[in-house]
Amino acid sequence: MYQRIVVPSSVYERLRAQSLRVEIDYSLTLFRVEAENSLSALNGDRNVAAFGRCRTAVDVDEGDVELGCIKTGSVPACVTVALENPGNGKRNPETPYCTPDYAPLRPHFLPDAMSHFGADIKFQDLQQLAKYPVDGSQLGDARVTLRAYEPRAHFTRRLIIPDVHLENWSVGPP
């Protein structure tokens, strides 16, 4: 894993040969699964724990399963969705949808007590650069799996590097 640190070129040029002390504060959140459920990838329509009423349909260009959910109150702050085929055990990579706001109640700017959640779950790469384990031929047996996560703990860590020369670090595009 790499951490990108953007340094303006004028600052880099002025400080690149000097010895610097770098301090980075990381704030992290530990999550746990609050609810997990699934519905049919093709024309699914059911109540799903933590998400409310959810429906699925294949989009018009037939590259995604479109998921839409509506419920009273707030939807979870962090969610993952995946397409899987329980018959053969294949599963496409999970897609995370997380917002960094863990407030128990989120304000609505529209006069509506409903929350909406939606996702496009890929099963086909229209440019044919990627191949998915669960593709369009398996949609009849496939399910959309939803997981809702709740924050359990927050913590911060400070990383200190006492002697850094920027000229020794790799320079990438801005």
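A disulfide is a pair of cysteine sulfur atoms within 2.5 Å. The exercises below apply this cut-off to a predicted model.

**Exercise 1.** Decide how many disulfides there are by this rule, and give the pattern that the disulfides of the protein follow.

Solution.
- Step 1. The sulfur atoms of cysteine 54 and cysteine 69 are 2.1 Å apart, and the two residues form a disulfide.
- Step 2. For cysteine 78 and cysteine 98 the sulfur atoms are 1.9 Å apart, which again makes a disulfide.
- Step 3. The count comes to two disulfides.
- Step 4. With bonded cysteines counted along the chain, the pattern is 1-2, 3-4.

**Exercise 2.** Describe the link of cysteine 54 and cysteine 69: its handedness and the strands it joins.

Solution.
- Step 1. The angle about the S-S bond is 110°, and the link is right-handed.
- Step 2. Cysteine 54 belongs to strand S3 (residues 52-58) and cysteine 69 to strand S4 (residues 64-72).
- Step 3. The two cysteines are 15 residues apart, and their pair links distant parts of the chain.
- Step 4. Cysteine 54 has 0% relative accessibility and counts as buried.
- Step 5. Cysteine 69, at 4%, is buried.

**Exercise 3.** Is cysteine 78 buried or exposed, how does cysteine 98 count, and which strands hold them?

Solution.
- Step 1. Buried means under 20% relative accessible area. Cysteine 78 has 7%, so it is buried.
- Step 2. Cysteine 98 has 43% relative accessibility and counts as partly exposed.
- Step 3. Cysteine 78 lies in strand S5 (residues 78-85) and cysteine 98 in strand S7 (residues 95-98), so the disulfide ties together parts 20 residues apart in sequence.

Conventions
Residues numbered from 1 in each chain as written. Predicted model: local features only at pLDDT ≥ 70, side-chain atom pairs only at ≥ 80, totals over all residues. Heavy atoms only, no water. Helix = DSSP H or I, 4+ residues; strand = E, 2+ residues; numbered from the N terminus. Buried < 20%, exposed > 50% of the residue type's maximum accessible area, 1.4 Å probe, protein only.
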